[in-house]
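Me: Hi! I'm new to this one, so could you walk me through it? Let's start with whatever term I'll need along the way.

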Amino acid sequence: AMSQACVSIAKARALNTDWHLLGLVTNGAKVYVVALPTDPIEEKVSELNELDDPQGLGDRASKLVASHVPTQSLTWILQIYLDVSKKDSIAELATAIRSRESHLDVLISNAGIRRDPPIACDVLSAPLSELQASMWSSRHSDWADTFCVNTTAHYFLSVAMLPLLAA
């Protein structure tokens, strides 16, 4: 059985294809599933919590699902809400995990967004002028939001979790 503590950060849609979660949970890892409060992750967390207990984890594999990190429970899988675009939210997550774990073996930072340009085109077959018009129609704020979530957030998540990952 694994004794690892793992944090997986993803959009709810991505959880349907995150086979690593299934592998981690069925091998006894304690997994914290982290997503936006607006993401419907309860169903996925419940599904993972319903897995059989193949490693004989017993009480360690409690069926707790909560919207925050409780102070007492040893959980097999727990959902936590986080807005990765906010540094304060990332710091709160790190503090919450530190209050429960002395180390972190795996950080799966898989959050991401995509903002399509207002003028769409088929990028594989559009003439160059149509492709350029589509690309140029992109809003600066969409690029800033995308970079913030898809790049900057992963940097700050890694930095915030560094003491736990190095332990």
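Reply: Happy to! Buried means under 20% relative accessible area, exposed means over 50%, and partly exposed is in between. One thing to keep in mind is that this is a predicted model.

Me: Okay, so is Asp116 buried, exposed or partly exposed?

Reply: Asp116 has a relative accessible area of 45%, so it is partly exposed.

Me: And which side chain does Asp116 meet in a salt bridge?

Reply: That would be Arg114, with 2.9 Å from N to O. Arg114 itself is exposed, at 65% relative accessibility.

Me: How many salt bridges are there in the whole structure?

Reply: A search of the whole structure finds three. Besides the bridge between Asp116 and Arg114, Asp83 pairs with Lys86, their closest N and O atoms being 3.5 Å apart. Arg139 and Asp142 also join through their side chains, at 3.1 Å from N to O.

Me: What about Arg139 and Asp142, buried or exposed?

Reply: They fall into separate classes. Asp142 is buried, with a relative accessible area of 10%, while Arg139 counts as partly exposed at 44%.

Me: And Asp83 and Lys86, where do they fall?

Reply: Asp83 is partly exposed at 23%, and Lys86 counts as partly exposed too, at 47%.

Me: New topic: pockets. What volume does the largest pocket have?

Reply: The largest pocket has a volume of about 250 Å³. It is lined by 14 residues, and the closest to its centre are Arg115, Asp116, Pro117, Ser138 and Trp143. So Asp116 from our salt bridge turns up again here.

Me: Which elements give two or more residues to that lining?

Reply: Helix 5 (128–136) and helix 6 (140–166) do. By class, the lining has seven nonpolar, three polar and four charged residues.

Me: Can we jump to helix 4? Which residues are buried there?

Reply: In helix 4, the buried ones are Ser89, Ile90, Leu93, Ala94, Ala96 and Ile97. They lie on the same side of the helix, because they cover an arc of only 160° around its axis.

Me: What's on the other side of helix 4?

Reply: Lys87, Asp88 and Glu92 are there, and they are exposed.

Me: Why would residues a few places apart share a side?

Reply: An α-helix has 3.6 residues a turn, so residues three or four places apart point the same way.

Me: Last one: what should helix 4 span?

Reply: Its twelve residues, 87–98, should span 16 Å at 1.5 Å a residue, and the end C-alpha atoms are 16 Å apart, which agrees.

Technical notes
Residues are numbered from 1 along each chain as its sequence is written. This is a predicted model: local features need pLDDT of at least 70, side-chain atom pairs count only at pLDDT 80 or more; totals for chains, interfaces and linings use all residues. Side-chain values use heavy atoms; hydrogens and water are left out. On a 1 Å grid over the protein atoms alone, a cavity is a set of points where a 1.4 Å probe fits but cannot get out, and a pocket is an open set with protein on both sides within 12 Å along at least five of seven lines; lining residues have an atom within 4 Å of a point. Grid points are joined across faces, edges and corners, and a volume is the space filled by probe spheres set on the points. Helices (H or I, at least four residues) and strands (E, at least two) are DSSP runs, numbered from the N terminus. Ala, Val, Leu, Ile, Met, Phe, Trp, Tyr, Cys and Pro count as nonpolar, Asp, Glu, Lys and Arg as charged, and the others, Gly among them, as polar. The expected span of a helix is 1.5 Å times one less than its number of residues. Buried means under 20% relative accessible area, exposed over 50%, partly exposed in between (1.4 Å probe, protein chains only). The arc is that of the directions from the helix axis to the C-beta atoms. A salt bridge is a side-chain nitrogen of Lys or Arg within 4 Å of a carboxyl oxygen of Asp or Glu.
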